[in-house]
Amino acid sequence: MQEISRIKLWSIGGGKGGIGKSIFTLGLGICLSRLGKKVILIDADLGGANLHTLMGVHYPPVTLEDFLLKKVERLEDLIIPTEVEGIGLICGADDVLGAANPTFAQKIRLLKQMEGLNAHFVLLDLGAGTSFNFLDFFNYSPGKIILATNQATALQNAYGFIKSALYRQLSRQFSRNGEMLELLFQMGGKPEDGLPQSIRELLTSLRDDFPEEYAQVVRVMAYMRVWLVVNMVKNTRDGNCARIIQEVCRDFLSLKIDILGHLPYDAAVEAAINNTNPLLLTQKRGIAMAALQGIAAKIMKESRLPRTAWVTEEELMDQKELPAPSEEVAYPGYYFW
Ligand SMILES: Nc1ncnc2c1ncn2[C@@H]1O[C@H](COP(=O)(O)OP(=O)(O)OP(=O)(O)O)[C@@H](O)[C@H]1O
Ligand SMILES: [Mg+2]
């Protein structure tokens with residue numbers, strides 16, 4: 001029987017700072033609320049929380065810190081109503097999660113409570129970087145969105161985030177299997193030492209002699225579904241750079257990345273931020289918001305579908321799933337993968 005599950009919890013990550021993760025989270029929340037959905041935004045950027053500022057909340061009365069330090073008992077008591085109808089906000093706190101240093105099990109309990117909040121959608125705005133906390137939040141969320149811009153460093157960090165998330169997931173899977181952990185940590189080492197250079201090579205080396213581990217890796221990979229958004233797009237070439245991430249994820253990680261859409265560069269976004277007024281985003285039906293409305297519709301559709309395996313074992317072992325890069329997107333000089 002198929003597992004019927006609406007995707008309610010979505011994480012928005014991307015590795016690099018300043019690429020629009022918070023704007024995207026806020027804009028998506030607004031668009032989903034326009035479609036009649038109840039949305040809770042959670043600022044999980046625990047080093048530099050600022051989603052509340054974007055929402056026009058200058059002095060958050062309660063934050064995640066109050067919950068993590070057990071000053072507030074229930075997560076739902078942290079929800080602040082916002083000026084945008086249908087959107088509630090849970091504010092982030094400075095690096096309290098890092099200071100509290102929660103165990104993996106504690107993080108999962110927190111995430112379960114987040115997912116259990118009374119709303120149609122819960123959107124988690126992750127901060128920059130690839131800390132274990134962000135990777136665990138991302139991996140737990142059935143909805144995984146990665147943001148990038150056309151800049152080489154943003155593409156590099158987006159790929160780095162996806163790779164770190166996948167490796168984190170695999171190392172959790174094999175946390176009691178020292179040999180597999182060693183193999184994972186050595187991946188990408190010297191090919192002349194016989195070390196696997198990609199997930200496909202890892203799978204090939206496991207298939208015959210370690211069928212159980214092979215099946216476990218296949219299962220992790222099959223459910224690792226990542227949606228990509230390119231932000232601040234100024235021309236077709238910028239938009240196409242999503243394909244670069246698709247290509248490298250396919251070649252090195254055997255991951256099939258889905259493109260959720262792209263957001264054009266829009267001066268109206270900057271104006272809304274500088275006025276710390278989210279209503280400007282809702283009122284000005286600018287080009288970025290129009291694109292976000294399309295993305296929200298796609299997310300509504302995806303979230304209704306049963307959550308099943310996203311790739312098959314055959315696809316994992318077959319490199320021809322995606323077409324070869326066209327000249328237009330084959331950016332020269334990207335050698336950092
Ligand atoms: N589509 C867009 N059009 C124009 N400007 C944009 C767009 N998206 C983001 N920006 C600009 O980028 C800036 C950074 O956005 P945002 O704060 O959402 O980034 P972030 O990825 O959340 O950063 P951090 O990692 O520091 O939290 C915004 O202040 C805004 O000026
Ligand atoms: Mg942010």
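Helices and strands, as the words are used here, are DSSP runs of at least four residues (H or I) and at least two residues (E) respectively, numbered from the N terminus. With that in mind, the shell around ligand 1 can be described by the elements that build it: α1 (21–34), β7 (226–233) and α13 (267–274) each contribute at least two of its residues. There are 20 residues around the ligand, and those that come nearest to ligand 1 are Gly17, Gly20, Lys21, Ser22 and Ile23. Sorted by character, the shell around ligand 1 holds 9 nonpolar, 7 polar and 4 charged residues.

This is a predicted model, and it is worth knowing how confident the predictor was before looking further. The average pLDDT of the protein chain is 84, with 88% of the residues scoring at least 70. Residues 322–337, however, have a pLDDT below 50, and in the model this stretch has 19 contacts beyond near neighbours in sequence. Where pLDDT is low, the predicted coordinates should not be read in detail.

Strand β7, already met beside the ligand, also belongs to an open sheet of 8 strands, whose order is β3-β4-β2-β5-β1-β6-β7-β8 and whose pairing is mixed. Because β3 (80–81) and β8 (257–264) each have a single partner strand, they stand at the edges, and one side of each is left without a neighbour in the sheet. Further in, β6 (residues 143–148) and β7 run parallel and are joined by 4 bridges; Ile146, for instance, has Leu228 in β7 as its bridge partner. Helix α12 (residues 242–253) packs on this sheet, where it touches β6, β7 and β8, and its direction makes about 160° with that of β8. Another helix, α15 (residues 287–304), lies across β7 and β8 and runs at about 155° to β8.

Helices also pack against one another, and two pairs show how such contacts can be arranged. Helix α9 (residues 199–207) and helix α10 (residues 211–223) have axes 8 Å apart and pack at an angle of about 150°, which means that α9 is roughly antiparallel to α10. On the α9 side the contact is made by Ile199, Leu202, Leu203, Leu206 and Arg207, and on the α10 side by Glu213, Tyr214, Val217 and Met221. These residues comprise 7 nonpolar, no polar and 2 charged.

In the other pair, the axes of helix α6 (residues 132–140) and helix α7 (residues 152–173) cross at roughly 80° and come within 9 Å, so α6 is roughly perpendicular to α7. Phe132, Leu135, Phe138 and Asn139 of α6 meet Ser164, Ala165, Arg168 and Gln169 of α7 in this contact, whose residues divide into 4 nonpolar, 3 polar and 1 charged.

Note on methods: Residues are numbered from 1 along each chain as its sequence is written. Chains are lettered from A and ligands numbered from 1 in the order in which they are written. This is a predicted model: local features need pLDDT of at least 70, side-chain atom pairs count only at pLDDT 80 or more; totals for chains, interfaces and linings use all residues. Axes are lines fitted to C-alpha atoms, for helices over the stretch in contact, and angles run from 0 to 180 degrees between N-to-C directions. Angles under 35 degrees count as roughly parallel, over 145 as roughly antiparallel, 65 to 115 as roughly perpendicular and the rest as oblique. Two residues are in contact if their C-beta atoms, placed from the backbone, lie within 7 Å. Ala, Val, Leu, Ile, Met, Phe, Trp, Tyr, Cys and Pro count as nonpolar, Asp, Glu, Lys and Arg as charged, and the others, Gly among them, as polar. A residue is near a molecule or strand if its C-beta atom, placed from the backbone, lies within 6 Å of it. Two strands pair if DSSP finds at least two bridges between them. pLDDT is the predictor's confidence in each residue, from 0 to 100.
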